[in-house]
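Work through these exercises with the coordinates open. Each task is followed by a solution in steps.

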Amino acid sequence: MHYETTVPTIRDRVVQTAAKIVLEPVFEADLEPSAYGYRPKRSAQDAIRKVHKLLCEGYTDVVDADLSKYLDTASYCPLVHESSSNRSGR
């Protein structure tokens, strides 16, 4: 069996970084300020701190949503569909 190397080349890194620089602000503009998942300069610990702060302020309502399959039906992102169709065709 032949396995390809998966170490990104410098060219790949440059292209990935350029795409991130262009796309990240576009997606960030649409996200709610209270969203923490997969966001730059935000972590799970930041989300926990925010929840703790709100609890200390007297908030008691909790909303929990599992959006793990949300992008499976997103028609606006061809890369997501291409990626998911490649996985299911294995």
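## Exercise 1: A glycine after a helix

Gly-58 comes just after H2 and takes a positive phi of about 105 degrees. The model is a predicted one.

**Task.** Find how many residues H2 has, and compare its reach with the expected span.

**Solution.**
1. Take the helix that precedes Gly-58, which is H2.
2. Count its residues: H2 has 13.
3. Take the distance from the first C-alpha of H2 to the last, which is 18 Å.
4. Set this against the expectation at 1.5 Å a residue, also 18 Å. The reach of H2 is close to the expected value.

## Exercise 2: The overall fold

**Task.** State how many helices and strands the chain has, and in what order the elements run.

**Solution.**
1. Count the elements: three helices and zero strands.
2. Read from the N terminus on: the order is α-α-α.
3. Add the burial: of the 90 residues of the chain, 3% count as buried.

## Exercise 3: A positive phi without glycine

**Task.** Say where Lys-41 lies and whether it is buried or exposed.

**Solution.**
1. Place the residue: Lys-41 is in the loop between H1 and H2.
2. Check the backbone: phi of Lys-41 is positive, about 60 degrees, although the residue is not a glycine.
3. Check the accessibility: Lys-41 has a relative accessible area of 84%. The cut-off for exposed is over 50%, so Lys-41 is exposed.

## Exercise 4: The surroundings of Arg-39

**Task.** Decide whether Arg-39 is buried or exposed, then list what its side chain reaches.

**Solution.**
1. Place the residue: Arg-39 lies in the loop between helix H1 (10-30) and helix H2 (44-56).
2. Apply the cut-off: buried means under 20% relative accessible area. Arg-39 has 10%, so it counts as buried.
3. Look for polar partners. The side chain of Arg-39 meets the side chain of Glu-28 in a polar contact of 2.8 Å. The side chain of Arg-39 also reaches the backbone oxygen of Ala-35, at 2.8 Å.
4. Widen the search, leaving aside neighbours within four places in sequence. Arg-39 is then in contact with Glu-28, Leu-31, Glu-32 and Pro-33.
5. Test the pair with Glu-28 for a salt bridge. The N to O distance is 2.8 Å, and the side chains of Arg-39 and Glu-28 do form one. Arg-39 is in the loop between H1 and H2 and Glu-28 is in helix H1, so the pair ties together parts eleven residues apart in sequence.
6. Compare the partner: Glu-28 has a relative accessibility of 24% and counts as partly exposed.

## Exercise 5: Salt bridges

**Task.** Give the number of salt bridges. Then examine Glu-24 with Lys-20, and Lys-53 with Glu-57.

**Solution.**
1. Take the total: the count comes to four salt bridges.
2. Check Glu-24 and Lys-20: their closest N and O atoms are 3.3 Å apart. The cut-off is 4 Å, so the pair qualifies.
3. Place this pair: Glu-24 and Lys-20 both lie in helix H1, four residues apart, about one turn of the helix. An α-helix has 3.6 residues a turn, so residues three or four places apart point the same way.
4. Add the exposure: Glu-24 is partly exposed at 28%, and Lys-20 is partly exposed at 48%.
5. Check Lys-53 and Glu-57: the closest N and O atoms of this salt bridge are 2.8 Å apart. Lys-53 is partly exposed at 42%, and Glu-57 is partly exposed at 46%.

## Exercise 6: Rings

**Task.** Find how many aromatic pairs there are, and which ring the charged end of Arg-42 sits over.

**Solution.**
1. Count the aromatic pairs: there are zero.
2. Turn to the charge: the end of Arg-42 sits over the ring of Tyr-36, 4.8 Å from its centre.

Terms used
Residues numbered from 1 in each chain as written. Predicted model: local features only at pLDDT ≥ 70, side-chain atom pairs only at ≥ 80, totals over all residues. Heavy atoms only, no water. Phe/Tyr/Trp six-rings, centres within 6.5 Å; stacked < 30°, edge-to-face > 60°. Lys NZ or Arg CZ within 6 Å of the ring centre and 35° of its normal. Helix = DSSP H or I, 4+ residues; strand = E, 2+ residues; numbered from the N terminus. Buried < 20%, exposed > 50% of the residue type's maximum accessible area, 1.4 Å probe, protein only. Polar contact = N/O pair within 3.5 Å; in protein donor to acceptor, adjacent residues only side chain to side chain. Contact = heavy atoms within 4.5 Å. Expected span 1.5 Å × (residues − 1).
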